[in-house]
Amino acid sequence: MADLSSLRHLPSVDQILKAPETAPLLDTYGRATVTDVLRTLLDEIRTAMRGGAPLPDVAAILASLTSKLEYHDRSNLRPLINLTGTVLHTNLGRALLAEEAVKAAVDAMREAAALEFDLDTGKRGERDSHLRELLCELTGAEDATIVNNNAAAVLIALNAVGAGRQAIVSRGELIEIGGAFRMPDIMERAGVQLVEVGTTNRTHPKDYRNAIREETALILKVHTSNYRIEGFTAEVSGAELAKIAKDADIALLNDLGSGTLVDLSQYGLAREPTVREAVAEGADLVTFSGDKLLGGPQAGFIVGRRDLIAEINRNPLKRALRVDKIRIAALAATLKLYRDPDRLGQRLPTLRMLSRRQSDIAEQAERLLPHVSETLAKFGYAVETCRCASQIGSGALPVDTIPSAGLRIGHTSGGALEKLAAVFRALPRPILGHIRDGALILDLRCLNDETALLSSLSHVNANALA
Ligand SMILES: *Cc1c(COP(=O)(O)O)cnc(C)c1O
């Protein structure tokens, strides 16, 4: 039993608050927080001492206080290292921005900008004007507008074009994207009556033609982003739908989902329809995301016919779904990169990561192996290099994987992998991998900064793994 009289020698809250070493902590975290956390710490120390722990010295108390305050203050939004193998991970915030976009966003945050002000005339301007020309140039569309995300783009486009009337959709395209984005529900909220045609696997031109009535406002084509129907299938092409819509004098709305502005096959990826192609096929409106394959911040783009875009801009929902100056600045900087296709693959992180060669990633794995192994071997983990398969994510090219490489961490005892994954998640800069076939796989495709990984690993807590 420890000498309980030593409890009396434990410094008081006041004494520690007055200590000169505490001043920087008060500056950083504020007096109220420091006092709170300190009280809890001293309670914990007292309990430990009653259980036989020795009296800590003031330096040890201050060290514990500092680390408790750091822990208390840290955010779940702190940067993490995405080694999941999913490049556009919705739960991890999707696309990483190009440096040009980061800089533009930071400038817009710090200073006033002529967001809705025309510097030429000195009169009120339009917030979309900063992006409209770029979007038209890159897609060949007549006009363009921007909202909060692609879900919002679909919602407002449906509402503006079809409220109180009917929209025809193939049964093969009634998608759920995740969260609460289900096409039939969005239609209902948009005030549009859904008319389903065709079957899950096959829909023909006559299915659409036969469904057109006086009340029909539009045909909606939805890119089946996150699944693929294979086997005995038939869908009606965008070009054919455009003709059917034109003949009946109704609108064709094409929700591309990811929507890429370039032919991805030049980066070794499967071909996806580009926005320009969807516009050229004759869609009246095309909607797509800013933060999927396009590689920018969250946003929803609507491009197409001038009269319909004007209708959308007049819709009261537009005000509710608008985008702020920070994102507009970042979007403009991102879109500008597309004007220089030769350098796009290097400047846009999404494309750079998606197009990294397996051999390059494998070399990185070889380089990191000894360091990672050294950190983890003492806890009984066996680390080796491995081949793996990355995914694009965000429902883009759902069944395609990209050959990748990384580190495979195994352990003989059950539960050890979950424990390691939890320790990795608790790091000041968390490391996220995925557990598969009895190993924790770190896919290195998205690793930009090897030093950051090694420095993060150096914080792996021996106690937590013991
Ligand atoms: C991803 C996606 C959406 C939703 O886009 P967000 O930008 O996530 O709001 C809508 N439709 C399709 C086809 C999609 O792939």
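In this predicted model, strand E14 and strand E15 (residues 439-443) pair up in the antiparallel sense, with three bridges between them. Within that pairing, histidine 434 sits opposite isoleucine 441 of E15. Helix H18 (residues 416-425) packs on the sheet here and touches E12, E14 and E15, its direction making about 40° with that of E15.

Zooming out a little, E14 and E15 belong to an open sheet of four strands, ordered E11-E12-E15-E14 with antiparallel pairing. Strand E11 (382-391) and strand E14 (434-436) are the edges, each pairing on one side only. From one strand to the next, the twist averages 40°. A further helix, H17 (residues 358-377), lies across E11 and strand E12 (401-410), and runs at about 15° to E12.

Then there is the other sheet to look at. This one is also open, but has seven strands in the order E2-E10-E9-E8-E7-E3-E6, and its pairing is mixed. Its edges are strand E2 (143-147) and strand E6 (193-197), each with pairing on one side only. Here the twist averages 25° from one strand to the next. Strand E7 (residues 216-222) and strand E8 (residues 251-257) run parallel and are joined by five bridges; one residue to look for is isoleucine 219, whose bridge partner in E8 is leucine 252. Helix H7 (residues 150-162) lies across E2, E7, E8, strand E9 (285-289) and strand E10 (300-304), and it runs at about 160° to E9.

As for the overall layout, the protein chain is divided into domain 1 (4-73), domain 2 (81-91 + 353-465) and domain 3 (99-347). Domain 2 is thus written as two segments, 81-91 and 353-465. Taken over C-alpha atoms, the centres of domain 2 and domain 3 are 35 Å apart.

How do domain 2 and domain 3 meet, and what is found between them? On the contact side, 12 residues of domain 2 touch 14 residues of domain 3. The size of an interface is often given as the accessible area lost when the parts come together. For domain 2 and domain 3, about 1,100 Å² is buried between them, with 69% of it on carbon and sulfur atoms. The salt-bridge count between these two domains is zero. Polar contacts tell a similar story: with both residues at pLDDT 80 or more, the rule finds zero residue pairs in polar contact across the interface of domain 2 and domain 3.

Technical notes. Residues are numbered from 1 along each chain as its sequence is written. This is a predicted model: local features need pLDDT of at least 70, side-chain atom pairs count only at pLDDT 80 or more; totals for chains, interfaces and linings use all residues. Side-chain values use heavy atoms; hydrogens and water are left out. Two strands pair if DSSP finds at least two bridges between them. Helices (H or I, at least four residues) and strands (E, at least two) are DSSP runs, numbered from the N terminus. Axes are lines fitted to C-alpha atoms, for helices over the stretch in contact, and angles run from 0 to 180 degrees between N-to-C directions. Contact means heavy atoms within 4.5 Å. Domain bounds come from an automatic or database domain assignment. Buried area is the accessible area (1.4 Å probe) that two parts lose on being put together, summed over both. A salt bridge is a side-chain nitrogen of Lys or Arg within 4 Å of a carboxyl oxygen of Asp or Glu. A polar contact is a pair of N or O atoms within 3.5 Å; within protein, one must be able to donate a hydrogen and the other to accept it, and residues adjacent in sequence count only if both atoms are side-chain atoms.
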